[in-house]
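Q: Please take a close look at one part of this model and set out how it packs against its neighbours. Give the cut-offs along with the values.

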Amino acid sequence: MPDPMLTPEGFATLINQYGLWVIAPVAVLEGPIVTVISVWMARAGLLGLQPLLLVLVLADLAGDLVLYALGRGLLPTLPRGLRKLLGLRPARVAALASHFRSAGARTLMLGKLTHSAGAMVLVAAGVARMPLLPFLFWNLLATLPKTAVFAALGWLLGDAHALIGDWIAAVSLALLLPIGWIGLCLLRRHRVAP
């Protein structure tokens, strides 16, 4: 028998009891579907919409900051052999840093709005040591419309949250494939010597 806390009704009970304290940490981990479900609950009167939207945006930015910090802090701690296996040779990291200096805003916006490449782009921004304030600024600019779209879906179609979750996964996969292909083509064309 499934745990009742994992059902939408169980989640609603937690929301009634703890409010935004439940949503914030879950939204850090999985923002889009949490946005859809929680805005649907706000429409039902379980949450205030304005504080909820603020928490959703801040949680999304917090999750992005964790991925950025992972990229920024993890690279120096990796053994040299693993860095080499991952293709993180000094010349490649320097090229990545150069890319983020010249096209960091565009790369962050694209990665964030496609959702599928977002985590990789956020970690890469950290590896490239993109300055923190521009990173946060461009992420905020991409987070606002993304959160608005998922909030609108939640408001209008939130009772179909399971189906929307499937759509998000399918669209993310559909976008990841061409983005991956383009990325591989660009890497081959601009191959950096080891």
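A: What follows describes the packing of helix H3 with H2 and with H4, after some background on the chain.

This is a predicted model, in which local features need pLDDT of at least 70 and side-chain atom pairs count only at pLDDT 80 or more, while totals for chains, interfaces and linings use all residues. Residues are numbered from 1 along each chain as its sequence is written, and side-chain values use heavy atoms, with hydrogens and water left out.

The protein chain has nine helices and zero strands (DSSP runs numbered from the N terminus: H or I of at least four residues for helices, E of at least two for strands). Of its 194 residues, 35% are buried, meaning under 20% relative accessible area with a 1.4 Å probe and protein chains only, where over 50% is exposed and the range in between partly exposed. Mean pLDDT, the predictor's confidence in each residue from 0 to 100, is 77 for the protein chain, and 72% of the residues reach 70 or more. Over residues 1-6 pLDDT stays under 50. Where pLDDT is low, the predicted coordinates should not be read in detail.

Two packed helices are described by the angle between their axes and the distance between the axes. Axes here are lines fitted to C-alpha atoms, for helices over the stretch in contact, with angles from 0 to 180 degrees between N-to-C directions.

Helix H2 (residues 20-29) and H3 cross at roughly 145°, and their axes come within 7 Å. Ile23, Val26, Ala27 and Leu29 of H2 make this contact with Gly31, Val34 and Ser38 of H3, where contact means heavy atoms within 4.5 Å. By class, the H2 contact with H3 holds five nonpolar, two polar and no charged residues; Ala, Val, Leu, Ile, Met, Phe, Trp, Tyr, Cys and Pro count as nonpolar, Asp, Glu, Lys and Arg as charged, and the others, Gly among them, as polar.

H3 (residues 31-43) also packs with H4 (residues 49-74), at an angle of about 170° and with the axes 10 Å apart. The two helices, H3 and H4, are therefore roughly antiparallel, a term for angles over 145 degrees, as under 35 is roughly parallel, 65 to 115 roughly perpendicular and the rest oblique. On the H3 side the contact residues are Val34, Thr35, Ser38, Val39 and Ala42, and H4 brings Leu49, Leu52, Leu53 and Leu56. Seven residues of the contact of H3 with H4 are nonpolar, two polar and none charged. Val34 and Ser38 thus appear in the contact with H2 and in the contact with H4.
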